[in-house]
Amino acid sequence: MSGRDLVAGIDIGGTNVKAGIVDLATNEVLASCDFPTIRDSEQAFLESLAAAVAQLSAQADAPRAAGISIGSYVFSDGSIDGMSSFVPFLTHGYPLAERIGGALGLPVRVDNDARLICLAEARDGAGQGFSRVLTLTLGTGIGVGLCEDGRPFGGEPFIHLAGHVKVRTGGEYPCLDTEPCYCGMEGCFESTCSGTSLQVYVHDRLGADVSNKEMFERAAEGDPAAAEIADWFLDMLARALNQYVYLYCPDVIVIGGGVAKGLERYESDLNDRLVAEVYEGQRTVVRITDLKEDSGILGAASLFA
Ligand SMILES: [Zn+2]
């Protein structure tokens, strides 16, 4: 078929890899798959990526290149700072673009996952129509992305760890503050509002069988204990949002990640709690993501758009 521009998008997480063939002409995922991240052998890891792309190529057609998304600092030569706490051989300086390029026999570009999610939101998601887009991904940790007019802010992903701004003193909640965060602080945004931290807090307050999603559902139904937690969470989240307005002056802040599913009904509440303005009349809007599951694949493929 004419007009098709096929690129593989591969989103490498510590637990799972999502891969797909994307038609950049239509921004459509033609075929996709996901599989566990192989952690015990570099060779087997690279072979698993090659096998996935070969299988997807048989379903869609062969891609001309592959874009890679990974939750690590990425240097401009395609090497990474590493994520050895999840995948032992992905250590500091690992030449990810070169090794995957060799395994796939394709040109490869790599970027940080939070930055690519930001690009995807700006292009196809809740950030559409805004110039300066900040994204917060509330998942295992908190990933921060910033782009301006559809381009990543800065040559290298230097703000993806900006989820460690301080939102409280620390020590108020024994379940959250058993030890300082790896950023050196207690009471940072990530150690309060990541999906992982919220889950710890919810388990402590409501019992070990209550998920974050269920807590938000109970709060919506009027359960007082759950409503108190939801209100606490929105307060902590708003403390960070107000700081991000002063730090980055975004036109929109898009909240994504696993926690976002529970936040949809609070979008206007969060906008009410966002009181910071850089100058009189400046207004940052808060949106909850509406990107679909395959946004990681689309973001990775967009490196060749
Ligand atoms: Zn921290």
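Is the crossing of H6 and H7 left-handed or right-handed? Let's look at this predicted model, in which local features need pLDDT of at least 70 and side-chain atom pairs count only at pLDDT 80 or more, while totals for chains, interfaces and linings use all residues. Residues are numbered from 1 along each chain as its sequence is written.

**View 1. Helix H6 (residues 212-220) crosses helix H7 (residues 224-248).** Their axes come within 7 Å and cross at roughly 110°. Axes here are lines fitted to C-alpha atoms, for helices over the stretch in contact, with angles from 0 to 180 degrees between N-to-C directions. That makes H6 roughly perpendicular to H7 (65 to 115 degrees). The crossing is left-handed: the near helix is turned anticlockwise from the far one by less than a right angle.

**View 2. Met215, Phe216, Arg218 and Ala219 of H6 meet Ala226, Ala227, Ile229 and Ala230 of H7.** Residues are in contact if their C-beta atoms, placed from the backbone, lie within 7 Å. This contact has 7 nonpolar residues, no polar ones and 1 charged (Ala, Val, Leu, Ile, Met, Phe, Trp, Tyr, Cys and Pro count as nonpolar, Asp, Glu, Lys and Arg as charged, and the others, Gly among them, as polar).

**View 3. Domain 1 (6-115 + 294-304) touches domain 2 (126-288).** These bounds come from an automatic or database domain assignment. The domain centres, taken over C-alpha atoms, are 27 Å apart, and 10 residues of domain 1 contact 10 residues of domain 2. On the domain 1 side, strand S5 (108-112) and helix H3 (113-124) each give two or more residues (helices are DSSP runs of H or I, at least four residues; strands are runs of E, at least two; both are numbered from the N terminus). H3 provides the largest share, 3 residues.

Terms used: Parallel < 35°, antiparallel > 145°, perpendicular 65-115°, else oblique. Contact = placed C-beta atoms within 7 Å.
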